[in-house]
Amino acid sequence: MNDVLSVRSLRRNFEQGGVTIHVLRGIDLDIRKGEIVALLGPSGSGKSTLLQAVGLLEGGFEGSIRIGGEEAASLDNDGRTRLRRDALGFVYQFHHLLPDFTASENVVLPQLIHGAEPKAAAERAESLLSSLGLGQRLTHRPSQLSGGEQQRVAVARALANRPALVLADEPTGNLDEKTADVVFAEFLRLVRDEGSAALVATHNERIAAKMDRVLRLHEGVLE
């Protein structure tokens with residue numbers, strides 16, 4: 001089976017002021033190995049909610065989410081944590097780097113948590129960061145890096161453990177247009193080089209057009 005991700009009949013409702021809000025209305029979605037898919041939609045369309053579901057970051061969802069053939073609903077909390085750690089990488093609009101750690105350490109740490117040897121983790125971090133043009137910035141902390149550089153570190157961190165699927169939520173939304181174009185091009189190149197698949201939420205049609213396939217989410221329904 002070549003599907004990295006398979007979602008069936010995914011629903012998410014919220015209660016607000018006695019009213020039921022249907023955020024996701026029966027989503028079906030498949031992403032194949034190595035495929036980079038854009039999830040396009042305006043703010044409030046449910047993109048982030050869908051990524052949270054696929055990322056196993058919160059409960060309250062109905063339906064089936066299979067990652068690498070493994071059904072998330074059948075797992076307990078420890079099992080979901082393992083699946084998230086082993087199979088997924090995350091890039092957010094805001095980089096969420098650890099401020100007291102260097103660029104290299106931010107990429108090394110998830111590898112150590114995953115069980116990598118320190119030397120191998122450091123070599124992997126240097127390789128990823130160098131491929132993103134940060135070979136001279138390995139020992140710099142986030143406060144010493146530009147916004148584009150910080151987001152490059154976040155991309156390297158997401159790919160550090162060679163995830164089957166990278167989930168990116170507006171990964172360049174906090175950058176100016178020129179920097180966003182450069183960082184996103186590097187993101188695409190690195191994801192392809194690593195052989196990962198990716199689901200990228202964006203409201204930017206121009207960025208979406210650079211991916212393999214575009215899905216549109218409107219009022220909780222995929223079009």
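This report walks through the sheets, cores and a few individual residues of a predicted model.

## Ground rules

Since the model is predicted, local features need pLDDT of at least 70 and side-chain atom pairs count only at pLDDT 80 or more, while totals for chains, interfaces and linings use all residues. Residues are numbered from 1 along each chain as its sequence is written, and side-chain values use heavy atoms, with hydrogens and water left out.

Helices (H or I, at least four residues) and strands (E, at least two) are DSSP runs, numbered from the N terminus.

## The four-stranded sheet

Let's start with the open sheet that runs β2-β1-β4-β5, with antiparallel pairing. Two strands pair here if DSSP finds at least two bridges between them. The edges are β2 (19-32) and β5 (70-71), each pairing on one side only.

Strand β1 (residues 3-16) is joined to β2 by eleven bridges, in the antiparallel sense, and Phe14 sits opposite Ile21 in β2. The two strands make a hairpin with two residues between them, and Gly17 in the turn has a positive phi of about 60°. Over at the β5 edge, two bridges link β4 (residues 61-67) to β5, again antiparallel; there Arg66 faces Glu71.

## Asp28 on the edge strand

Asp28 belongs to strand β2. It's partly exposed, with a relative accessible area of 45% (buried means under 20%, exposed over 50%, partly exposed in between, using a 1.4 Å probe and protein chains only). Leaving aside residues up to four places away in sequence, Asp28 touches Val7, Arg8, Ser9 and Leu222, where contact means heavy atoms within 4.5 Å.

With Ser9 there's a polar link as well: the backbone nitrogen of Ser9 lies 2.8 Å from a polar atom of the Asp28 side chain. (A polar contact is a pair of N or O atoms within 3.5 Å; within protein, one must be able to donate a hydrogen and the other to accept it, and residues adjacent in sequence count only if both atoms are side-chain atoms.) His203 is 175 residues from Asp28 along the chain, and their C-alpha atoms are separated by 20 Å.

## The six-stranded sheet

The other sheet to look at is open too, with six strands in the order β6-β7-β8-β3-β9-β10 and mixed pairing. Its edge strands are β6 and β10 (221-222), each pairing on one side only. Four bridges tie β3 to β9 (residues 213-218), and these two run parallel. In β9, Arg216 is the bridge partner of Leu40.

## Two cores

The largest nonpolar core holds 35 residues, and Val107, Leu129, Val153, Phe187 and Met211 have the most contacts inside it. (A nonpolar core is a set of buried Ala, Val, Leu, Ile, Met, Phe, Trp, Tyr and Cys residues joined through side-chain atoms within 4.5 Å.) Elements giving two or more residues to this core include β3 (36-40), α3 (103-113), α4 (118-131), α6 (177-194) and β8 (197-202). The top contributor is α5, with six residues. Apart from this core lies another, of 32 residues, among them Leu5, Ile27, Ala53 and Val54.

Leu129 shows what a core residue touches: not counting residues up to four places away in sequence, its contacts are Ala103, Ser104, Val107, Leu134, Gly135, Leu138, Val153 and Ala156.

## Helix α5 up close

Helix α5 has 13 residues and reaches 19 Å from its first C-alpha to its last, close to the 18 Å expected at 1.5 Å a residue (the expected span is 1.5 Å times one less than the number of residues). The helix is mostly covered, with twelve of its 13 residues buried. Those buried residues include Glu149, Arg152 and Arg157 as well as Val153 and Leu159. The cover includes β6 (88-91), α3, α4, β7 and α6.

## An aromatic pair and two odd phi values

The whole structure has two aromatic pairs. In one of them, the rings of Phe90 and Tyr92 have centres 6.2 Å apart and planes at 5°, so the pair is stacked. (Rings of Phe, Tyr and Trp, with its six-membered ring, pair if their centres lie within 6.5 Å; planes under 30 degrees apart count as stacked, over 60 as edge-to-face and the rest as tilted.) Phe90 is buried at 17% relative accessibility, whereas Tyr92 is partly exposed at 30%.

Most residues other than glycine have a negative phi. Arg162 has a positive one of about 50°; it sits in the loop between α5 and β7 and is exposed, at 57%. Glu170 has a positive phi of about 45° and lies in the loop between β7 and α6, but Glu170 is buried, at 11%.
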